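This report introduces a structure to a reader who has not met it before. Please keep the sequence and the three-dimensional view at hand while reading.

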Amino acid sequence: MTAGVRRACLGAVGILLVFGAAQLALWAGGVDQAVFPLPSTVLSGTVDVLRDGSFWTATVQTLTSWAEGLGISVGLGVPVGLVLGTLPWAEYAVRPLVEFLRPIPSVILLPLVLLTVQDSSRTEVLLIVFATLWPVLINTIYGVGEVDPLARQTLRSFGFGPVAVAWRVSLPSAAPFIATGVRIAASVGFVVAVAVELVGSGMNGIGSYLVQVEGGTADVVPQLALALLAGLLGLLINAVLAGAEGRAFRWHHMQTAAADSV
Amino acid sequence: MKRLTGLAARLVVLAAAIGGWQLATRSGSNPYFLPPSTILSFMYHQWFDGPAGHLWLTSDATGNMLPSVGRMLAGLAIASLIGIALGVAIGRIRVLADLAEPLIHFGRAVPPPVAVPFFLFVFRLGTPMEIASIAFGVIWPVLVNTIDGARHVHPGQLETARAFRLGPVQRLVRVILPSAAPKILAGLRLGLAVSLIMMIVAEFVGGTDGIGREVATAQTTLDMPTIWGAIVFLGLLGIALNMIFAVVERRALAWQRGAARTE
């Protein structure tokens, strides 16, 4: 039995163990099942949610806002990061501003942005941009800092301008770092999308669907089912991005491995 | 000299940002964007104009800011304790890691705000529900990073510990935890950012007091100074927490740089 098969088997056993233990404990323990439903009840609740068309509409809405916000962040963060990474004094000058803005949780900006743009879906996208911009920007700056100065100087001495150097040297060699930033931003963006939908009124998506299914019925099953599905969706997002990253930057890993072995 | 020009550039950028903001908003043409002077004087009167006996904090500050920060720290502490304990066990015991891996991957992929309505259902409105929500968000980065740190302890160090016949507790405290410390701290740093988000989300959804609740109320009454004050406060809180964290990190890991130097 190979190590991979063993891990997969043990992983499946782990899931079954936790599922079974919870099922048994809740069933035998006389816990109020209105608060802590049996795992099997949650699973059948998950099937009900999957059969509900408005769940799929909500999922598409969340993913659309998420993709839009992430796209804007990449379009903004990468060029700005390239500039700031190339000009260390500029990066040094704006750092306090970034350090001030970065920790502000974007949900607190919700009332302000909603009042200003008066449109709930645009508000959601803007808040996703605010949250996802920082990982993209900071990883781009860091990646440009790691660029081989020799390659940059070589191009400079051949008479290439700063834009050409950024395009031909800095961007490609910072790309693996940028990809890591985008991957982090993607999961942050998903969290913020759901949070904003949950908190804001008149939003559309998984978060607002969660509020709707909860509304009045005081039934905890669809809530847990939705948490389960949101987790699976998050896993899917992670897997797709990590896969794309591994495929696109195999040369980078090979290169660093080669450099390590020298 | 280079440092000095850099510092000057920083000050110029900050002054330009604040000054530009002030000039752009002074006319008051946009009712939602307030000038910095208004925001700062509001923050002073609303929160820091209290009696000296209360460290100059007003009742609004002690009734909203302190509970928020307290719950955040409580959530961080609970999540760290559980996350580090579980993480060390999973990182050191191979079978446990294989059993738990898919579950942990799943758990960290759940966007933590999704769990808030469930916690609201279990704990009702108020502090326990908010602490649970914060801890649920923080635990995953701490757990994942601790597992990673505990798994990659240098084999030579463990063999030395065995040669000196250190017991399991000694091995844990003297070898495994110190060796995993950089990773654990990295996880806590990620957790810090999550805790701020979850603090606000939990207070919005089911809080009775706190910064998030204050802003949620301010939204319905169009109380812009409170909204802006909270934003600025959270930015400053983030800076302060990061600075404290950086100091702790440097202190806690100082021996490591020393050890690396002597090698």
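The paragraphs below treat chain B, the contact between the chains, the nonpolar core, the domains of chain A and some individual helices and residues.

This is a predicted model, in which local features need pLDDT of at least 70 and side-chain atom pairs count only at pLDDT 80 or more, while totals for chains, interfaces and linings use all residues. Residues are numbered from 1 along each chain as its sequence is written, and chains are lettered from A and ligands numbered from 1 in the order in which they are written.

**Chain B as a whole**

Chain B contains 10 helices and 0 strands, where helices (H or I, at least four residues) and strands (E, at least two) are DSSP runs numbered from the N terminus. Its pattern along the sequence is accordingly written α-α-α-α-α-α-α-α-α-α. The C-alpha trace of chain B spans about 75 × 60 × 40 Å along its principal axes. Of its 263 residues, 36% count as buried. A residue is buried if 20 or more other C-beta atoms lie within 10 Å of its own, exposed if 12 or fewer, and partly exposed in between, with C-beta atoms placed from the backbone. Two residues are in contact if their C-beta atoms, placed from the backbone, lie within 7 Å. Among contacts in chain B between residues at least 6 apart in sequence, 70% join residues at least 24 apart.

**The contact between the chains**

Chain A gives 48 residues to the contact and chain B gives 46 residues. On the side of chain A that touches chain B, the elements giving two or more residues are helices H1 (3–28), H4 (88–101), H5 (110–117), H8 (162–199), H9 (206–214) and H10 of chain A. This side of chain A divides into 36 nonpolar, 8 polar and 4 charged residues. Here Ala, Val, Leu, Ile, Met, Phe, Trp, Tyr, Cys and Pro count as nonpolar, Asp, Glu, Lys and Arg as charged, and the others, Gly among them, as polar.

**The nonpolar core**

A nonpolar core is a set of buried Ala, Val, Leu, Ile, Met, Phe, Trp, Tyr and Cys residues joined through C-beta atoms within 7 Å. In the largest such core, of 121 residues, A:Val107, A:Ile108, A:Ala195 and B:Val201 touch the most other members. Its largest share, 20 residues, comes from H8(A). Leaving aside neighbours within four places in sequence, A:Val107 is in contact with A:Ala195, A:Val196 and A:Val199, and also with B:Ile197, B:Ile200, B:Val201 and B:Phe204.

**Domains of chain A**

The domain assignment of chain A gives domain 1 (1–31) and domain 2 (33–261); such bounds come from an automatic or database domain assignment. The contact between them takes 6 residues from domain 1 and 5 residues from domain 2. The residues of domain 1 that touch domain 2 divide into 5 nonpolar, 1 polar and no charged. The C-alpha centres of the two domains lie 32 Å apart.

**Two helices**

The expected span of a helix is 1.5 Å times one less than its number of residues. Helix H10 of chain A (residues 221–248) has 28 residues and reaches 41 Å from its first C-alpha to its last, close to the 40 Å expected. Its buried residues include A:Val221, A:Pro222, A:Ala230 and A:Gly234. Helix H3 of chain B (residues 59–92) has 34 residues and should span 50 Å; its end C-alpha atoms are 48 Å apart, which agrees. H3(B) bends by about 25° at B:Leu66, and the proline B:Pro67 follows within four residues. The bend at a residue is the angle between axes fitted to the seven residues ending there and the seven starting there.

**Individual residues**

Two loop residues of chain B, neither of them glycine, have a positive phi.

| Residue | Phi | Loop of chain B | C-beta neighbours within 10 Å |
|---|---|---|---|
| B:Arg124 | near 65° | between H5 (116–123) and H6 (127–151) | 10, exposed |
| B:Leu222 | near 55° | between H9 (211–220) and H10 (224–262) | 12, exposed |

In chain A, A:Ser54 lies in helix H3 (residues 53–86) and counts as exposed because it has 11 C-beta neighbours inside 10 Å. The C-alpha atoms of A:Ser54 and A:Ile206, 152 residues apart along the chain, are separated by 9.6 Å. In chain B, B:Phe164 lies in the loop between helix H7 (155–163) and helix H8 (168–206). The C-alpha atoms of B:Phe164 and B:Asp223, 59 residues apart along the chain, are separated by 65 Å.
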